[in-house]
Amino acid sequence: MANREHLALLQQGAVTWLEWRQQNVQIEPDLSAANLCGANFRGANLTKANLKRANLDRAKLIAANLCGANLSAASLCEAELIDANLQKAELVDAQLISAQLMGADLAYANLIGADLRGVDLKAADLSHTNLTAAEFIGATLSEADLSVAKLSRASLVYTNLTGANFSHANLSSTNLYEAEAIATYFYRANLCQANLSEAHFGGAYLFGAELVTAELYMTDLRWTNLSKTNFTDANLIKADLRGANLSRANFTGANLSEAKLDGANLSKAIFQRTIMPDGKVHR
């Protein structure tokens with residue numbers, strides 16, 4: 001439970017709280033399980049605060065400093081965290097449904113199992129963040145930085161990833177069904193066993209990406225840079241690869257049945273045991 005003194009100080013307002021924190025820099029505030037629903041903590045200093053299981057639904061935390069804070073199992077549904085600092089914060093199993101995190105800094109944060117359905121993370125920094133098994137259905141991640149992030153087994157169904165950066169990210173076994181990833185950057189990303197069915201990757205950059213045994217049924221990959229991409233044993237049935245750069249791509253054991261390859265660059269691409277668009281197996 002929350003420390004009553006810490007909670008009372010916080011409820012006295014931003015000035016009182018700031019003065020107390022400046023005078024007690026060594027104390028880590030304990031606000032665990034506190035009911036702070038709808039509270040206004042704009043710009044508040046909550047660094048390393050214990051907010052585990054706290055109710056922060058609809059709270060205003062715009063530009064708040066939550067660096068290193070513990071928000072595990074906290075509820076932040078519809079909270080306003082625009083431009084907030086959440087670097088290295090603990091948000092394991094946190095509820096962030098429809099929260100606003102545009103421009104927020106979540107670098108190196110831990111969001112394993114977090115519920116981020118409908119969240120707006122446009123232009124947010126999620127680099128090196130652990131998002132394993134996180135739920136992103138219907139979320140906006142356009143222009144966000146997710147380089148080197150861990151997204152294994154996450155659900156990105158129907159998400160807007162336009163212009164985001166997933167360079168070196170781990171998206172193995174991630175569900176990207178019908179995701180919008182136009183002009184998105186996946187340089188050397190791990191997408192092994194990921195589901196990209198009916199997703200839109202037009203103009204995306206997947207140079208050197210790993211798509212081993214990935215599901216790409218009816219995926220839109222027009223004008224995409226897929227040079228040196230590994231499609232070993234991937235399902236590309238009815239995939240649209242028109243105008244794509246597939247030079248040196250590896251299609252060993254892949255299924256390209258009914259795929260569209262008009263205008264694609266197939267220079268030095270590897271086709272071994274590959275089912276080609278006409279249904280014939282390339283030996």
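These are my notebook entries on the salt bridges in this structure, which is a predicted model.

**Entry 1, the count.** I started by asking how many salt bridges there are. The count came to 5. Opposite charges on side chains can pair when the charged atoms come close.

**Entry 2, Glu80 and Lys60.** I looked up this pair next and found their side chains joined in a salt bridge, 2.8 Å from N to O. Both residues sit in the loop between α2 (14-23) and β1 (274-275), so the bridge ties together parts that are 20 residues apart in sequence. Then I checked accessibility: is Glu80 buried or exposed? Glu80 is buried, at 18% relative accessible area, under the 20% cut-off. Lys60 came out as partly exposed, at 34%.

**Entry 3, Asp115 and Arg117.** Here I found another salt bridge between side chains, with 2.7 Å from N to O. I noted Asp115 as buried, its relative accessible area being 10%. Arg117 has 37% relative accessibility, so I put it down as partly exposed.

**Entry 4, Arg242 and Asp240.** I then turned to Arg242, which forms a salt bridge with Asp240. Their closest N and O atoms are 2.7 Å apart. Arg242 is partly exposed, with 31% relative accessible area, whereas Asp240 is buried at 11%.

**Entry 5, the network.** Which residues are linked with Asp240 and Arg242 in a network of salt bridges? I found Asp220 and Arg222 there, so I wrote the four down together as one network.

How values were computed. Residues numbered from 1 in each chain as written. Predicted model: local features only at pLDDT ≥ 70, side-chain atom pairs only at ≥ 80, totals over all residues. Heavy atoms only, no water. Helix = DSSP H or I, 4+ residues; strand = E, 2+ residues; numbered from the N terminus. Buried < 20%, exposed > 50% of the residue type's maximum accessible area, 1.4 Å probe, protein only.
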